[in-house]
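Hi,

Here is the structure I promised to pass on. Have a look at it first, and my notes follow underneath.

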Amino acid sequence: MRCFGALLLTVSLSACGGSPDAKPSSGPPAQPHIGVGKIGTIVGTGNKATDPVDANADGKVDPPIDALEANIDQPMDGRMFVIDWNGHKIRRLDPDGKLAFVVGTGTEGDACEGTPVDGECPIADAELNHPTDITFDDMGRMVIAAWHNAKIKRADLAQGLVENVCGTGNRKFEGDGMTCVDDNGKSQVSFDLPSSVAFDAAGNLFISDQANQVIRRLGGADGIVKVVAGDCPGTPGFGCTAGRGYDGDGGPATAAHLSNNLGQGTDPQGKIAFDPRDGSLYIADTGNDVVRKVVPGSDGIIGEGDPAEEIITTVAGDGTPGYAGDGGPATSAELSSPTDVAVDKDGTLCVADRSNSCIRRVTPDGTITTVAGQCGKVGDADDGEAATEAGLRTPYGVALDGKGGLYIADTLNECIRKVVLAK
């Protein structure tokens with residue numbers, strides 16, 4: 001079963017997850033059974049489109065849509081939640097195979113289309129502008145990297161409200177060493193394309209400040225924002241060009257340089273993830289074609305103790321764009337614009353090797369292999385075929401469920417795919 005772009009076979013059985021000679025279906029397509037080492041589509045028709053939140057304009061959010069009949073526009077991530085990036089919304093894959101609207105009206109913006117409640121926006125009325133990542137705090141609230149909004153937002157799904165947590169909305173580098181708002185409630189920290197968010201075990205929020213070429217930490221206890229990796233000497237806005245580079249391995253992370261694209265017409269890059277075993281932070285250093293790791297110091301928490309102890313190293317890629325090295329040391333391999341990383345509970349690292357259109361895996365012993373896609377080739381995946389024989393098309397996102405499930409945002413195929421990894 002293959003994604004066929006805009007081809008629709010019937011109203012109920014759509015392109016991604018169907019086949020050209022499929023019989024018309026009277027009911028919704030079932031979620032596929034995916035065998036070990038195989039790939040299958042779990043969300044999306046393959047159409048480059050998105051579904052309106054309120055299709056009949058009755059002022060109410062529409063009910064969930066069958067996941068294989070839902071349209072998504074350049075998905076960035078996907079497991080139980082799908083980031084419909086160009087659709088400016090976040091959606092949820094329910095256990096019954098339905099895709100529900102969760103946050104975002106579908107309108108590109110930053111306004112509240114309804115009446116605020118104590119300064120917060122009802123969740124059905126909150127606009128987003130190209131969200132790129134989500135995570136959850138210890139209270140179960142969704143924290144959103146609102147990329148083009150240049151803000152971090154938080155959605156309380158139980159209360160049905162969205163609020164701005166941090167960011168002036170001005171795309172520049174400012175406010176380091178400060179809290180998100182001053183004593184008068186005025187925002188004083190600015191980001192430039194915050195592309196990724198992740199909590200450490202201590203409850204500190206880490207933010208990949210893409211165009212500013214840094215990783216910043218919002219302290220859970222003190223609320224202070226500070227750089228923990230990368231270096232931006234300052235910028236009036238629209239990207240820290242002076243902060244781009246590839247150096248610093250073996251030294252303090254705050255003395256190193258990272259490299260991500262910047263400007264108005266760029267794409268999301270530089271996502272992050274934590275190793276659940278020791279609190280190390282992995283960074284998809286996209287423009288340098290590598291994955292890097294920052295280890296905590298003797299206190300065990302990045303950004304808490306002596307920065308000189310928080311060392312950065314390269315763990316995958318040699319800095320040369322390309323595809324090479326499978327079966328050997330990850331640090332001798334070639335990657336091409338890796339955009340996202342995910343870490344399993346045993347320390348296995350998965351990388352969205354975006355421009356190679358494949359997913360690579362680095363085992364704890366440092367060996368790299370391909371687990372999905374044919375690196376260097378773009379295409380469409382037939383559901384049920386071997387994952388390493390399948391075609392992907394510029395995958396921007398990758399996630400793991402801790403149970404052998406690998407989830408891929410097959411971005412330019414407009415689908416979310418799942419691979420059941422072999423042990």
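Which side chain of opposite charge is nearest to Asp-289, and how far away is it? The answer is Arg-354, at 7.3 Å. Asp-289 is buried (under 20% relative accessible area with a 1.4 Å probe and protein chains only; exposed is over 50%, partly exposed in between) yet has no salt bridge. By salt bridge I mean a side-chain nitrogen of Lys or Arg within 4 Å of a carboxyl oxygen of Asp or Glu. For charge, Lys and Arg count as positive and Asp and Glu as negative, while His and the chain ends are not counted.

Before going on, the housekeeping: this is a predicted model, so local features need pLDDT of at least 70 and side-chain atom pairs count only at pLDDT 80 or more, while totals for chains, interfaces and linings use all residues. Residues are numbered from 1 along each chain as its sequence is written, and side-chain values use heavy atoms, with hydrogens and water left out.

Back to Asp-289. It sits in the loop between β18 (281-285) and β19 (290-294); strands (E, at least two residues) and helices (H or I, at least four) are DSSP runs, numbered from the N terminus. A polar atom of the Asp-289 side chain is 2.8 Å from the backbone nitrogen of Ser-337. Leaving out residues up to four places away in sequence, the contacts of Asp-289 (heavy atoms within 4.5 Å) include Gly-317, Thr-320, Leu-335 and Pro-338.

Now the salt bridges

There are 20 salt bridges in the structure. One of them joins the side chains of Arg-217 and Glu-304, at 2.8 Å from N to O. Arg-217 is in strand β15 (residues 214-218) and Glu-304 is in the loop between β19 and β20 (312-316), so this pair ties together parts 87 residues apart in sequence. Arg-217 is buried at 4% relative accessibility, whereas Glu-304 is partly exposed at 47%.

Arg-277 and Asp-275 also meet through their side chains, again in a salt bridge of 2.8 Å from N to O. Here Asp-275 is the buried partner, at 2% relative accessibility, and Arg-277 is partly exposed at 47%. In the pair Asp-410 and Arg-417, the closest N and O atoms are 2.3 Å apart, and both residues are buried. There is also a network: Asp-51, Asp-84, Lys-89 and Arg-91 are joined by salt bridges that share partners.

Next, the core

The largest nonpolar core (buried Ala, Val, Leu, Ile, Met, Phe, Trp, Tyr and Cys residues joined through side-chain atoms within 4.5 Å) has 17 residues. Those with the most contacts inside it include Ile-39, Ile-359 and Val-419. Two or more residues come from each of β22 (349-353), β24 (368-372), β25 (397-400) and β26 (405-410). Ile-39 touches, among others, Ala-381, Leu-392, Arg-417 and Val-419.

In β24, four of the five residues are buried. Strand β23 (residues 358-362) pairs with β24 in the antiparallel sense over four bridges; two strands pair if DSSP finds at least two bridges between them. Val-362 is opposite Ile-368 in β24. The hairpin of β23 and β24 has five residues between the strands, and Gly-366 takes a positive phi near 90° there.

And the strands elsewhere

β10 (residues 151-156) has five of its six residues buried. Strand β9 (residues 142-146) runs antiparallel to β10, with five bridges joining them, and Val-143 has Arg-154 as its bridge partner in β10. Four residues separate β9 and β10 in their hairpin, where Ala-150 in the turn has a positive phi of about 55°. On to strand β11 (residues 161-166): β10 and β11 pair in the antiparallel sense over five bridges, with Ala-155 opposite Val-162 in β11. Their hairpin has four residues between the strands, and Gly-160 in the turn has a positive phi of about 75°.

Lastly, an open sheet of five strands runs in the order β12-β16-β15-β14-β13, with antiparallel pairing. β12 (178-179) and β13 (194-199) are at the edges with a single partner strand each, so one side of each has no neighbour in the sheet. The partner strand β14 (residues 205-209) is joined to β13 by five bridges, and Val-197 stands opposite Ile-207 in β14.

Cheers

Key:
Polar contact = N/O pair within 3.5 Å; in protein donor to acceptor, adjacent residues only side chain to side chain.
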